[in-house]
Structures are given as C-alpha cells and as structure tokens.
Amino acid sequence: MADVKTKTRRALHSTHLDSAMHIGERIRDKKGEETLVIDVSKVGTIADFMVITSVESSPQLRAIAEDLRLYAKNKLHWEVHVAGTWDSEWVVIDMGGIIVHVLHKHLRDYYKLEELWLHGG
C-alpha cells in the first residue's frame, strides 16, 4: 500500500509542479516582479509549491490575484481560498498543493518569505 501512496504522491507533485510553473507564467504576463516558484514539499505538508511575487500597486495586486483565483477555480477546478483583500498590500491564494503570495515589494523585502522557505522553514 505504501508504494501506491508514493506513486500517487509523485503524480500529484508533478501536477502541482506543472501548475505552479504555469501560474508563474501567468504572473509574469501580468507584470509581477521577481516571481519565484519554490518546492516546499520536503519542508512540510502545507503545500508542494510556494509561489511568491512582488507588485508595485494595489490595482496590480488585484489583477494578478483575481486572475489566479479564477484560473484555479474555473480552469483547474480546484477549491481556492483567498486571505487578504483586493485593496490590501498582501494576498495569499491557497490552491491546496500550491500557495501563492502576491505582495507589495516593501513587504516582501521586510518579511523575506523566500529566505524562510528556501532555507527549510
């Protein structure tokens, strides 16, 4: 039975990788800056991938976050949870196996999320 779980987990990880990379491309198309896709699957069970991107304005944050929410819901048919409001400076989109952080550059510089996740949580 463990072998079946391992194969299923690998297949799901691969699906999440493909989707995370596509999400990164969508963010790039909306002018998100310094976008990173980080494999966090070995760090914990919260998700397989963390996507982090910076924005310059709240309208840009809203455009990216809404695009990703609709993409995950309507194209991928995933349940999506959003924390933060469209007019805030930081929105987190939880897609299950992928968590996306869209935040203003000054907050990203302050919190250094990528350092936290790249160095093992």
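Two aromatic pairs are counted in this structure, which is a predicted model. In one of them, the rings of W90 and Y111 have centres 5.2 Å apart and planes at 50 degrees, so this pair is classed as tilted. W90 belongs to strand β4 and Y111 to helix α3 (residues 105-111), so the pair ties together parts that are 21 residues apart in sequence. Y110 and Y111 make an edge-to-face pair, with 4.8 Å from centre to centre and 90 degrees between the planes. Ring pairs thus link W90, Y110 and Y111 into a cluster.

The members of this cluster can also be described by their accessibility. W90 has a relative accessible area of 24% and is therefore partly exposed. Y111 is likewise partly exposed, because its relative accessible area is 46%. For Y110 the value is 64%, so this residue counts as exposed, the cut-off being over 50%.

From the aromatic rings it is a natural step to the nonpolar interior. In soluble globular proteins, nonpolar side chains tend to be buried together. Here, the largest nonpolar core holds 19 residues, and I23, L68, I93, M95, I98 and V100 are those with the most contacts inside it. Two or more residues of this core come from each of α1 (2-29), β2 (49-55), α2 (58-75), β4 (90-94) and β5 (98-104). The biggest contribution is that of α2, which gives six residues. Another core, of ten residues, lies apart from the largest one and includes I38, V40, I52 and W117.

Two residues of the largest core give a closer view of its packing. V100 sits in strand β5 and is buried, because its relative accessibility is 0%. When neighbours within four places in sequence are left aside, V100 is in contact with I23, I27, V51, L68, V91, V92, I93 and M95. One of these partners, L68, stands 32 residues from V100 along the chain, yet the C-alpha atoms of the two are separated by 8.8 Å. With the neighbours within four places in sequence again set aside, the contacts of I98 are H16, S19, A20, I23, A47, F49, V51, W78 and I93. I23, V51 and I93 thus appear among the contacts of both V100 and I98.

S19, one of the contacts of I98, deserves a few words of its own. This serine is located in helix α1. Its relative accessible area is 7%, so S19 is buried, the cut-off being under 20%. Beyond the neighbours within four places in sequence, S19 is in contact with L76, W78 and I98. W78 is also in contact with I98.

The backbone offers two further points of interest. Most residues other than glycine have a negative phi. K31, although not a glycine, has a positive phi of about 70 degrees. K31 is found in the loop between α1 and β1 (33-39), and its relative accessible area of 59% is why this residue counts as exposed. H77, also a residue other than glycine, has a positive phi near 60 degrees. The loop that holds H77 runs between α2 and β3 (81-83). With a relative accessibility of 63%, H77 is therefore exposed.

Key. Residues numbered from 1 in each chain as written. Predicted model: local features only at pLDDT ≥ 70, side-chain atom pairs only at ≥ 80, totals over all residues. Heavy atoms only, no water. Core = buried A, V, L, I, M, F, W, Y, C linked by side-chain atoms within 4.5 Å. Buried < 20%, exposed > 50% of the residue type's maximum accessible area, 1.4 Å probe, protein only. Helix = DSSP H or I, 4+ residues; strand = E, 2+ residues; numbered from the N terminus. Contact = heavy atoms within 4.5 Å. Phe/Tyr/Trp six-rings, centres within 6.5 Å; stacked < 30°, edge-to-face > 60°.
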